[in-house]
Amino acid sequence: MRYSYAAPLALSLLFANSAQALTVDCGHLLDVKSGKWRDNVSVVIDQGKIVSIDAQQPGGAGDHIDLRAYNCLPGLIDSHTHLTDQFGPTTYSDQFRLNPADYAIRGTVYAKRTLQAGFTTVRNLGDSNNVSIALRKAIDAGLVDGPRMYTAGEPIGSTGGHADPSDGYRSDLAGDPDAMHSIINGPADAWKAVRQHYKDGADLIKIMPSGGVLDESRSVDNPQLTEEEIKAVVAAAHDYGFTVAAHAHGAEAIRRAVVGGVDSIEHGTFMDEQDMKLMKEHGTWYVPTVIAGETASAKAQIPGYYPPQVASKAAGIGPKLIDTLGRAYKYGIKIAFGTDAGVYPHGDNAQEFSYMVQAGMPAIETIRAATVNAAELLKHADTLGQLAPGYAADLIAVKGDPLQDVKLLQHVEFVMKAGTVYKKP
Ligand SMILES: [Zn+2]
């Protein structure tokens, strides 16, 4: 008897849940395209997607989430993260103590922090040993709470350059990393490295056409890939449907990357007028990462925090980046939000909005950079970056109007990714 009662009850519950979609009632909801708020709307969600957004009906059917005291926005997208690393004073020596599994386990914690901060999607631009590909798989399988990840796996660069994992090692430890380990010298290596990324399960390609701040080599801005090598990476990437992100600080490296056909310039610190003109012509995106520059400049003041070579490069980067972003915005370059998360503490991503406003961007433009623009850069503008029917149910909420005070985005109180709630007020 017990079972004959229990079974129909369980079935009816199941039926009720699947038949009645979830509804989120928002006090205000941002249409990022128009920059206008819609008041008192209900977002109906089914199978992880938005079905409809209409005026609130009192006492509507199904499960309701009450966000009538909140402002709802699309889930945020960070176009430049390193979810499996967290920079600190022991980073350089950690490489000799930690295994890939250590970075992987830490990555699960950083992924959760990122999602809790309101970032429902990230473009991950570099790891070691493809640890981020394992993290993406665990998130996709629902084993780990984290943002939807598109990851480049290991970055591709040249011998002794910003991607060379053995920079600064003594010679018997340094070895000679090759295309199998993402270090290329010549177009044939470029093809090999991109194809290896396809085999490894990467979603896109990250290259290092210029020096960088945090590696133990002399120059932050020298060109480290030839135009020929960049063109080979881009041609190979296109065969496999990959986009290409280019870390580039120096003007010449930026020029080569843009002419070479990359999709985005990351950091772009010493971008000159010619670079901007070319970027506009080629429709190249700019991902500024001001918070990383500011953090590096601040930490460079702490004696011993960075090795001396790194400290001298880091000191001037922050103020320069914010100036470059201001000029690029005025010039009309397409800007996508990205932070270089991992250079500063994971979860603080939204501080970038304030830096972007400081650089001269209106708040709505900074939010577009982190939603519709970032989705377009990912080539997922038809499913991500907006609250509209047919889009992924990625929705965050804050108390107050972030168009008036963009700092409110540092206090996200509700997070939903693909219809699942990860944070509630
Ligand atoms: Zn980076």
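In which kind of crossing does H8 pass H9, left-handed or right-handed? Keep that in mind while you open the viewer, and remember along the way that this is a predicted model.

**Stop 1: two helices**

Select helix H8, residues 251-260, together with helix H9, residues 273-282. Their axes lie 9 Å apart and the helices pack at an angle of about 15°. Angles under 35 degrees count as roughly parallel, and H8 and H9 are therefore roughly parallel to each other. As for the opening question, the crossing in which H8 passes H9 is left-handed.

Now show the side chains where the two meet. On the H8 side, the contact is made by Ala 251, Ile 254, Arg 255, Val 258 and Val 259. H9 contributes Gln 274, Asp 275, Leu 278, Met 279 and His 282.

**Stop 2: the zinc site**

Next, select the zinc ion and display its donors. The ion is coordinated by NE2 of His 80, NE2 of His 82 and OD of Asp 340, at 2.1 Å. Along the chain, these donors follow the spacing H-x1-H-x257-D. If you colour by position, you will see distant parts of the chain linked here: His 80 belongs to strand E5 (residues 76-81), whereas Asp 340 sits in the loop between strand E12 (334-335) and helix H13 (351-358). These two residues are 260 residues apart. Switch on a surface, and ask whether His 80 and Asp 340 are buried or exposed. Both of them are buried.

**Stop 3: the open sheet**

Move on to the sheet and trace its seven strands in the order E3-E2-E1-E4-E13-E14-E15. The sheet is open and its pairing is mixed. At the edges stand strand E3 (49-55) and strand E15 (420-423); each has a single partner strand, so one side of each is left without a neighbour in the sheet. Look along the sheet to see the turning: on average, neighbouring strands are turned by 40° against each other, direction ignored.

**Stop 4: a hairpin at one edge**

Zoom in on E3 and on strand E2 (residues 36-46), which pair in the antiparallel sense over six bridges. To find one matched position, select Ser 42, whose bridge partner in E3 is Asp 54. The two strands form a hairpin with two residues between them. In the turn, click on Gln 47, which has a positive phi of about 55°.

**Stop 5: E13 and E14**

Finish with strand E13 (residues 395-398) and strand E14 (residues 414-417), which run antiparallel and are joined by three bridges. Pick Leu 395, then look in E14 for Met 416, its bridge partner.

How values were computed. Residues numbered from 1 in each chain as written. Predicted model: local features only at pLDDT ≥ 70, side-chain atom pairs only at ≥ 80, totals over all residues. Heavy atoms only, no water. Donors = N, O, S within 2.8 Å, 3.2 Å for Na, K, Ca; no water. Helix = DSSP H or I, 4+ residues; strand = E, 2+ residues; numbered from the N terminus. Buried < 20%, exposed > 50% of the residue type's maximum accessible area, 1.4 Å probe, protein only. Pairing = 2+ DSSP bridges. Axes fitted to C-alpha atoms, helices over the stretch in contact; angles between N-to-C directions. Parallel < 35°, antiparallel > 145°, perpendicular 65-115°, else oblique. Left-handed = near helix turned anticlockwise from the far one by under 90°. Contact = heavy atoms within 4.5 Å.
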